[in-house]
Amino acid sequence: MLTPEQYLQVVAERVVRSGGRLNTVQIGPVTAAVGLFTESIMLSTMNYCVVAGAYPEVDAATLHQFTGMATQHARANVQGTIGWTAASVVICGLVGRVHPDAAQLASAKTSNQFGGETRMVAVDPYAGATYAFTGGKLWGAAMHGAINAKLTFCFPQPAEAFQQVQWQAQQAAYQQPPQSGPGGFPGQIPQGPMPQTAPPPAAGPAGPQPPHYPPPGQPPYGR
């Protein structure tokens, strides 16, 4: 079974792999992994702050309070002026036993904000479910598409996260570093063509041929 700690390791790995700056921040009673991203979308600067922490029992009040404190931290790390040229997007998730009211809160359509967006995520690895709003809106379709992509990548379904944990364990057992690009674990972002392995010596470029040694008892060729 996937544990909350293993799920947070998956979130942290995906934050780093997608170019985020990862830190550990104390947010209320939770020691959270915080990833900061800055991207340019439609001539605007998108400041992403992905916050993930583990909590034993996740109810609506806990998720709402944690998201509020995480948003305050995110706003303090914004690049640019919030408004027409910069947006602050906070994707905040708690991992634990999710109560029905927390699942409903996380899945509800978010309200419009000027120069920003806040998404709540509730992950229950025991039930194998991730709750979050990933729908669209009439305004800012490009921005919301990017937000949904960031959310679903950094907070995968527990089954997908468990596959990644198993894959990484197999790689460690065989003492092989993780491979980038196609052929990696599920959910991995392709990063170019499949790495090429070096050809065997016999398939190398043409050059001086190695000497040919005759069988014992026979004179060398050319003599």
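1. A good place to start is the hairpin: strand β5 and strand β6 (residues 129-132) run antiparallel and are joined by four bridges. Strands count as paired if DSSP finds at least two bridges between them, and the elements themselves are DSSP runs numbered from the N terminus, with helices being H or I of at least four residues and strands E of at least two. Within this pairing, Val123 has Thr130 of β6 as its bridge partner. Four residues lie between the two strands of the hairpin, and Gly128 takes a positive phi near 70 degrees.

2. Before going further, please keep in mind that this is a predicted model, where local features need pLDDT of at least 70 and side-chain atom pairs count only at pLDDT 80 or more, while totals for chains, interfaces and linings use all residues. Residues are numbered from 1 along each chain as its sequence is written, and side-chain values use heavy atoms, leaving out hydrogens and water.

3. For the overall layout, the protein has five helices and six strands. Along the sequence they follow the pattern α-β-β-β-α-β-α-β-β-α-α. Of the 223 residues, 41% are buried; here buried means under 20% relative accessible area, exposed means over 50%, and partly exposed lies in between (1.4 Å probe, protein chains only).

4. Back to β5, which is mostly covered, with nine of its nine residues buried. What lies on each side of β5? One side carries Gly116, Thr118, Met120, Ala122 and Asp124, and the other carries Glu117, Arg119, Val121 and Val123, all of them buried.

5. Arg119 deserves a closer look. This residue sits in β5 (residues 116-124), and it counts as buried because its relative accessibility is 1%. Its side chain makes polar contacts with two side chains: that of Glu117 at 3.1 Å and that of Asn148 at 2.7 Å. A polar contact is a pair of N or O atoms within 3.5 Å; within protein, one must be able to donate a hydrogen and the other to accept it, and residues adjacent in sequence count only if both atoms are side-chain atoms. Leaving aside residues up to four places away in sequence, Arg119 touches residues including Val90, Cys92, Phe133, His144 and Leu151, where contact means heavy atoms within 4.5 Å.

6. Cys92, one of the residues touched by Arg119, leads to the cysteines. How many disulfides does a search of the whole structure find? The search finds zero, a disulfide being a pair of cysteine sulfur atoms within 2.5 Å. For Cys92, the nearest cysteine sulfur is that of Cys49, 8.3 Å away. Cys92 is buried, with a relative accessible area of 0%, and Cys154 is likewise buried at 0%.

7. Helix α3 (residues 100-107) offers a neat example of sidedness, with Ala102, Ala103 and Ala106 buried. Seen down the axis, the buried residues of α3 fall within an arc of 100 degrees, so they line one face of the helix; the arc is that of the directions from the helix axis to the C-beta atoms. The face turned away from that buried side carries the exposed residues Pro100 and Gln104.

8. Finally, is Gln72 buried or exposed? Gln72, in helix α2 (residues 60-75), is exposed, with a relative accessible area of 61%. Gln72 and Ile27 are 45 residues apart in sequence, and their C-alpha atoms are 9.9 Å apart in space.
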